[in-house]
Amino acid sequence: MPGTKIAVVQMESKLGKPAQNLRRAEHYIGEAVAQGADLICLPEAFSTSGNILEVADVSVTIPGPETDFLREQAKQAGVHIVAGLLERGGDGTYYSTSVLCGPEGTLLGRYRRVHCHELEARYLSGGSEYPVFDVEFGRIGLMQGYDINFPEVAREYCRRGVDIIVCSALVPEMFAYVANMRLPVRAVDAECVLAFASGIGNNLYAGFGYMGRSQVLADPLFLEAERFDFVDGDERMVDLGKEPGVGVVEVDLDRMRRYRAKATLSGDLQPATYWQS
């Protein structure tokens, strides 16, 4: 099939303004659709921002009105959409969750973020699964911003043969330097494309801003093999910096899969030597 167009949306979500945040998301989804996107990736907690102090009041059920909005957007445009939400679980717990909606207007699944910072863990529970979703252009895995710190997530998705990891993120700006260093490494670890869709703006309750730097990355060795004019640094195929907007990248996933079949390091793994003591 022709190349797959992956869009990352970088937007500010306002605390206490969920309806306004959905309208803003709809605007950027429209921009991505106008650029021909097949997969549109929104930030973590896109409808509420990172308001975990009030998570009992602002969290949403899945399915619910917010996923109905995403399903309708996906159906109207005929695209796949990934977005992060603060989820109210049925067991009285709360999660930071990413959902995937398909072009038929269906909710294809969710990922409850596994890793929580110790301060978050006072309010949020962690998930326990790494689901994958097979769609017409490839296999998708989901993660969120804090997961970037753990190579185990990327390696697990590598083991499961994922073509694209969508990371919906809301990373505090003080961690931006390290997070930005880890992103290309995770793309290499996972041997696939990594779409990092980040929030921007300030969390007035917590007193910090969010890093932005939404980007789409791939293993530089794959890109070097495919592009005669590749130079170091081009593994960030788009980088939105600190500005709101949409970045779209076209990737030939068939070529990436053929490259991975030849160049993967998975055959050299020694799993019996890891995590043994």
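**Reading hollows and cysteines**

Modeller: Let's start inside: the lining of the largest cavity divides into 6 nonpolar, 3 polar and 1 charged residues. Keep in mind that this is a predicted model.

Colleague: Okay, how do I read empty space at all, and how many cavities of 30 Å³ or more does the search find?

Modeller: Rolling a probe the size of a water molecule over the atoms shows where empty space is left. Here, a search of the whole structure turns up 1 cavity of 30 Å³ or more. The largest cavity has a volume of about 30 Å³.

Colleague: Which residues line the largest cavity?

Modeller: Look for Met11, Ser13, Pro43, Glu44, Ala45, Phe46, Ser49, Leu170, Gly199 and Ile200.

Colleague: And the pockets? What volume does the largest pocket have?

Modeller: About 720 Å³. It has 32 lining residues, and His117, Glu120, Leu170, Pro172 and Phe208 are the closest to its centre. You've met Leu170 already, in the lining of the largest cavity.

Colleague: What is that pocket lining made of, and which helix gives the most to it?

Modeller: The split is 20 nonpolar, 7 polar and 5 charged. Helix H5, residues 176-190, gives the most, with 3 residues.

Colleague: Now the second largest pocket: how much space lies in it, and which residues lie nearest its centre?

Modeller: That one holds about 450 Å³. Its lining has 17 residues, with Arg155, Glu156, Arg159, Leu269 and Tyr274 nearest the centre. Helix H4, residues 151-159, gives the most to this lining, with 6 residues. By type, the lining residues are 8 nonpolar, 3 polar and 6 charged.

Colleague: Let me zoom out. Where does UniProt place the CN hydrolase domain?

Modeller: The UniProt record, an unreviewed entry, puts "domain: CN hydrolase" at residues 4-253. Over that stretch the chain is 26% helix and 31% strand, with the end C-alpha atoms 7 Å apart.

Colleague: Last topic, cysteines. How many disulfides does the search find?

Modeller: A disulfide is a covalent bond between the sulfur atoms of two cysteines. Searching the whole structure gives 0 of them.

Colleague: Why does Cys101 have no bond to Cys41?

Modeller: Because their sulfurs are 12 Å apart, too far for a bond, and Cys41 holds the closest cysteine sulfur to that of Cys101.

Colleague: Is Cys101 buried or exposed?

Modeller: Cys101 counts as buried because its relative accessibility is 0%, and the cut-off for buried is under 20%.

Colleague: And why is Cys116 unpaired with Cys167?

Modeller: Cys167 has the closest cysteine sulfur to that of Cys116, but the distance is 14 Å, so it is too far for a bond.

Technical notes
Residues are numbered from 1 along each chain as its sequence is written. This is a predicted model: local features need pLDDT of at least 70, side-chain atom pairs count only at pLDDT 80 or more; totals for chains, interfaces and linings use all residues. Side-chain values use heavy atoms; hydrogens and water are left out. On a 1 Å grid over the protein atoms alone, a cavity is a set of points where a 1.4 Å probe fits but cannot get out, and a pocket is an open set with protein on both sides within 12 Å along at least five of seven lines; lining residues have an atom within 4 Å of a point. Grid points are joined across faces, edges and corners, and a volume is the space filled by probe spheres set on the points. Helices (H or I, at least four residues) and strands (E, at least two) are DSSP runs, numbered from the N terminus. Ala, Val, Leu, Ile, Met, Phe, Trp, Tyr, Cys and Pro count as nonpolar, Asp, Glu, Lys and Arg as charged, and the others, Gly among them, as polar. UniProt positions are given in the numbering used here, feature names are shortened, and annotations may be inferred rather than shown by experiment. A disulfide is a pair of cysteine sulfur atoms within 2.5 Å. Buried means under 20% relative accessible area, exposed over 50%, partly exposed in between (1.4 Å probe, protein chains only).
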